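Visitor: Could you take me closely through one part of this model, the surroundings of the bound molecules, and then follow the contacts outward from there? I would like a connected account rather than a list.

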Amino acid sequence: MGKIALITGASSGIGEACARVFAQNGIDVIISARRLEKLVKLEKELKERFGARVLPLKLDVRKKDEVFDYLGNLPDKWKEVDILVNNAGLSKGLEKLQDGKVENWEVMIDTNIKGLLYVTKAILPKMVERNSGTIVNIASIAGHETYPGGNVYCATKAFVLQLSKAMRMDLLGTGVRVISIDPGMVETEFSIVRFDGDKERAKKVYENINPLTANDIAEAVWFAVSRPSHVTVEDMVIMPTEQASVLMNIKNYKNF
Ligand code: NDP
Ligand code: 8X3
């Protein structure tokens with residue numbers, strides 16, 4: 001209790017659900033993303049429902065200087081971040097690599113890889129100084145497996161998995177834990193973003209299948225984070241019961 005969590009990408013989906021579950025459990029939350037109006041709305045909800053302490057922070061994780069400036073100059077009461085949830089991330093497009101758009105690759109690499117590294121660099125040294133802290137990296141089943149058109153997105157998530165392993169080695173002896181959470185299909189704004197705002201196309205992804213909800217993932221994150229400090233849940237893969245691999249699910253399994 002009295003702990004502080006920083007959640008990136010808290011304006012929607014998994015990050016928003018994590019903020020809700022953390023606040024409900026008495027954690028003070030710094031909620032960050034680019035869309036400030038969504039954060040302000042969430043701040044109001046968390047304060048009203050849970051009496052939580054909330055700090056909304058407009059932050060684009062791709063902007064290196066902004067990340068170091070804002071996170072290096074948090075208000076005094078918010079400086080000691082105990083839990084960092086590296087959740088901000090996205091996919092853009094579903095083209096084969098030969099047809100892919102370089103701009104889409106750059107957005108994914110800048111957000112899912114470089115943004116995660118900047119935020120981690122801004123927060124982690126202080127955790128090491130205090131010999132305590134928990135970092136949750138939201139990876140994906142797409143980091144373990146891949147699918148046609150998944151190319152760069154899947155590669156960014158494989159990066160997150162490998163980085164999490166490397167961090168556990170680098171941080172051994174510091175008391176800082178690194179947890180990777182790897183969801184399968186979760187119904188959020190993810191597909192709307194992937195298909196550039198095409199809500200009809202995005203909706204089809206989740207038709208005739210019972211996908212995970214953002215709250216399912218937030219509860220898993222909370223389970224892992226709330227273990228005693230000598231326990232690290234290294235890597236949790238969470239799939240919908242109706243999905244057996246990144247490619248195979250209840251809609252198409254008879255074709256295999
Ligand atoms: P959403 O699109 O609902 O949420 C993504 C969040 O990331 C938003 O809050 C968005 O906020 C934020 N974000 C995106 N770009 C930036 C940026 N440059 N700087 C700061 N914040 C940013 O998707 P999900 O909740 O599904 O995605 C959350 C994470 O979960 C991602 O890392 C995704 O790869 C991963 N994941 C998702 C799965 C799924 O099926 N949905 C499955 C496995 C993993 P804003 O636009 O306001 O900046
Ligand atoms: C998101 C899951 O399968 O759409 O990480 O790539 S998937």
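Guide: Of the 29 residues around ligand 1, those that come nearest are Ser-11, Ser-12, Arg-34, Tyr-153 and Thr-188. Everything described here belongs to a predicted model, and the distances should be read with that in mind. The side chain of Ser-12 places an N or O atom 2.5 Å from an oxygen atom of ligand 1, and a polar side-chain atom of Thr-188 lies 2.6 Å from an oxygen atom of ligand 1. Val-61 takes part through its backbone, where an N or O atom lies 3.0 Å from a nitrogen atom of the ligand. Taken alone, ligand 1 exposes 880 Å², and the protein buries 96% of that area.

Tyr-153, named above among the residues that come nearest to ligand 1, is also one of the residues that surround ligand 2, together with Ser-140, Ala-142, Tyr-147, Phe-190 and Val-246. Three side chains make polar contacts here. A polar side-chain atom of Ser-140 lies 2.5 Å from an oxygen atom of ligand 2, while Tyr-147 has a side-chain N or O atom 2.6 Å from an oxygen atom of that ligand, and for the side chain of Tyr-153 the corresponding distance to an oxygen atom of ligand 2 is 2.6 Å. Ligand 2 exposes 250 Å² when taken alone, of which the protein buries 81%.

From Ser-12 the sequence leads directly to helix 1, which covers residues 13-24. This helix has 12 residues and reaches 17 Å from its first C-alpha to its last, close to the 16 Å expected at 1.5 Å a residue. Because 9 of its 12 residues are buried, helix 1 is largely enclosed by the rest of the structure. The buried residues are Gly-13, Ile-14, Gly-15, Ala-17, Cys-18, Ala-19, Val-21, Phe-22 and Ala-23. Arg-20 of the helix, by contrast, counts as partly exposed because its relative accessibility is 22%, where the buried class ends at 20%.

Arg-20 also carries the account beyond its own helix, for it forms a salt bridge with Glu-45 in which the closest N and O atoms are 2.7 Å apart. Since Arg-20 lies in helix 1 and Glu-45 in helix 2 (residues 36-50), the pair ties together parts that are 25 residues apart in sequence. Glu-45 counts as partly exposed as well, at 21% relative accessibility.

Helix 2 provides a further link through Lys-38, which forms a salt bridge with Glu-189, the closest N and O atoms being 3.7 Å apart. This pair connects distant parts of the chain, with Lys-38 in helix 2 and Glu-189 in the loop between strand 6 (176-183) and helix 6 (190-194), 151 residues apart. Both partners are partly exposed, Lys-38 at 35% relative accessibility and Glu-189 at 25%. The neighbours of Glu-189 in sequence return us to the ligands, since Thr-188 has the polar contact with ligand 1 and Phe-190 is among the residues around ligand 2.

A search of the whole structure finds 15 salt bridges. One that lies close in sequence to Val-61 joins Arg-62 to Asp-60, with the closest N and O atoms 2.8 Å apart. Its two ends fall into separate classes of accessibility, as Arg-62 counts as partly exposed at 32%, whereas Asp-60, at 8%, counts as buried. Elsewhere, salt bridges that share partners join Glu-16, Arg-20, Glu-45 and Arg-49 into one network, so that the pair linking helix 1 and helix 2 belongs to a wider set of charged side chains.

One last feature can be reached from the ligand 2 site. Val-246, one of the residues around that ligand, is followed in sequence by Leu-247, which with Ile-250, Tyr-253 and Phe-256 makes a nonpolar surface patch of about 400 Å². Tyr-253 is found in the segment after strand 7 (235-238), and its relative accessible area of 38% makes it partly exposed.

Notes
Residues numbered from 1 in each chain as written. Chains lettered and ligands numbered in written order. Predicted model: local features only at pLDDT ≥ 70, side-chain atom pairs only at ≥ 80, totals over all residues. Heavy atoms only, no water. Patch = residues over 30% accessible without salt bridge, like charges linked within 9 Å, V, L, I, M, F, W, Y side chains within 5 Å. Areas by Shrake-Rupley, 256 points an atom, 1.4 Å probe, with all protein chains shown as cover. Salt bridge = Lys/Arg side-chain N within 4 Å of Asp/Glu carboxyl O. Helix = DSSP H or I, 4+ residues; strand = E, 2+ residues; numbered from the N terminus. Buried < 20%, exposed > 50% of the residue type's maximum accessible area, 1.4 Å probe, protein only. Near = heavy atom within 4 Å. Polar contact = N/O pair within 3.5 Å; in protein donor to acceptor, adjacent residues only side chain to side chain. Expected span 1.5 Å × (residues − 1).
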